[in-house]
Amino acid sequence: MAATETRGRRALITGIAGQDGAYLSRLLLAKGYRVYGLLARRSNESLWRLRELGLEDKVTLLVGDVTDLSSILRALEEAEPAEVYNLAAQSTVTKSWELPSLTAQVTGMAVVNALEAIRSADPSIRFYQASSSEMFGLAGKPVLDETTAFHPRSPYGVAKAFGHWLTVNYRESHGMHCSSGILFNHESPLRGSEFVTRKITLAVARIKRGRQQKLQLGNLEAKRDWGFAGDYVEAIWRMLQQERADDYVIATGRGTSVRDFCRLAFAHAGLDYERHVETDSALLRPADIHAMVGNADKAKRALGWSAGTSLEALVAMMVEADLARVDKGEAA
Ligand code: NDP
Ligand code: GDR
């Protein structure tokens, strides 16, 4: 019997306080789910996204860490979920060169904990693994899909490839409903400011309000396929509603360079990026990926999903949110 029949609409999200965790919580709550989240840290600060969406008191937070098997087992016991969304990760690519072992534990090995905990608690629980386009790395093709071979370029990408294959393996070995979403970059006003898009929109807001003059960036020519996180969590949810588990690329199909993202974001605030953006070689990566564009045709066919928000609308949303934060003194 499917877990949804015995456990109702209950979900457990690891990484609930992250960007996707916050949007996914909002989506699941709107669909009538009871939402539980595994939260690694007790700091009040880490809850800012849930607070910003007005969800802090609407979800049940369970303190625990994905590297600790007993944390996940306890969370499953408490939440009795029909669906588990494994979003927790050390998700910063740059940091993964500084913290390769920790990244391997949190982003890779912890997937074993999640899957083993489910196998022992109730193997009919449906599982989503947050895989990443970073697994493709040096794929050597202009447009990437589910058939493209992986050649990860960072310890983060390597750890994600491990988690991806383990998810496929539990589906094939144990017949579990395990799906892997190979998501390309997705952004929002809730994106961490360590990632380039939010670093840019926050700087645009601060420059516009006279709080900052210059913005230092690394590789301006890197091209990414940037979508809106709010659209992507819908695809994640749809994966777990399918009768059969599978793997899906989620992307917009449009590639844009960091330089062009800057151009758009500064222009939205009436500024010229060339007057403010500087490059700093210290921000270059030991190995970068020149261009990444995804083909989400399979998701369109099977899930009826496609990206609904244009890059221009996303940039406008992010710049406006950061201007409002600066005006309120929240990003002074
Ligand atoms: P975030 O970094 O915003 O969120 C990740 C969350 O995981 C954070 O709340 C973090 O908490 C938590 N976490 C970190 N370590 C642990 C741990 N040991 N135990 C429990 N929780 C932990 O990432 P996103 O929301 O952007 O992404 C969600 C997932 O999707 C991640 O796995 C990411 O790698 C993956 N992904 C993201 C993409 C994107 O473009 N956003 C694209 C493809 C994949 P804290 O902040 O306190 O450390
Ligand atoms: P990424 O996102 O590494 O793709 O990982 P990030 O925004 O960090 O980098 C995108 C590209 O921008 C270039 N870049 C800079 N990046 C940062 N962070 N800071 C800079 O100053 C800067 N200047 C240029 C980078 O070199 C890179 O080419 C994100 C994360 O969410 C992962 O968890 C997720 O799996 C992937 O997206 C898909």
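1. Helix 8, which covers residues 196-208 of this predicted model, can be checked with a simple piece of arithmetic. At 1.5 Å a residue, its 13 residues should span 18 Å, and because the C-alpha atoms at its two ends are in fact 18 Å apart, the expected and the computed length agree. The expected span is 1.5 Å times one less than the number of residues.

2. Helix 8 is mostly covered, since 10 of its 13 residues are buried. The buried residues are T197, R198, I200, T201, L202, A203, V204, A205, R206 and I207, a list that includes the arginines R198 and R206. These buried residues pack against several other elements, namely helix 3 (48-52), strand 7 (186-187), strand 8 (215-217), helix 10 (258-268) and helix 12 (311-327). After helix 8 comes G210, which has a positive phi, near 75°.

3. Ligand 2 is surrounded by 20 residues, of which S91, S132, Y156, R285 and D288 come nearest. By class, this shell is made up of eight nonpolar, six polar and six charged residues.

4. Several polar contacts to oxygen atoms of ligand 2 can be followed in the structure. A polar backbone atom of S91 lies 2.7 Å from an oxygen atom of the ligand, a backbone N or O atom of V196 lies 2.8 Å from an oxygen atom of ligand 2, and an N or O atom in the side chain of K199 is 2.7 Å from an oxygen atom of ligand 2. On its own ligand 2 would expose 700 Å², and the protein buries 93% of that area.

5. Ligand 1 has 24 residues around it, with D20, R41, D65, S91 and Y156 coming nearest, and its shell divides into 11 nonpolar, eight polar and five charged residues. Helix 2 (19-30), strand 5 (126-132) and helix 7 (155-174) each contribute at least two residues to this shell, and strand 5 gives the most, with three.

6. The polar contacts of ligand 1 involve both backbone and side-chain atoms of the protein, as the following examples show. A polar backbone atom of G18 is 3.1 Å from an oxygen atom of ligand 1, while a polar backbone atom of V66 is 3.0 Å from a nitrogen atom of the ligand. In the side chain of K160, an N or O atom lies 2.8 Å from an oxygen atom of ligand 1. Taken by itself, ligand 1 has 890 Å² of accessible area, of which the protein covers 87%.

Note on methods. Residues are numbered from 1 along each chain as its sequence is written. Chains are lettered from A and ligands numbered from 1 in the order in which they are written. This is a predicted model: local features need pLDDT of at least 70, side-chain atom pairs count only at pLDDT 80 or more; totals for chains, interfaces and linings use all residues. Side-chain values use heavy atoms; hydrogens and water are left out. A residue is near a molecule or strand if one of its heavy atoms lies within 4 Å of it. A polar contact is a pair of N or O atoms within 3.5 Å; within protein, one must be able to donate a hydrogen and the other to accept it, and residues adjacent in sequence count only if both atoms are side-chain atoms. Accessible areas come from the Shrake-Rupley method with a 1.4 Å probe; for residues, only the protein chains shown count as cover. Ala, Val, Leu, Ile, Met, Phe, Trp, Tyr, Cys and Pro count as nonpolar, Asp, Glu, Lys and Arg as charged, and the others, Gly among them, as polar. Helices (H or I, at least four residues) and strands (E, at least two) are DSSP runs, numbered from the N terminus. Buried means under 20% relative accessible area, exposed over 50%, partly exposed in between (1.4 Å probe, protein chains only). Contact means heavy atoms within 4.5 Å.
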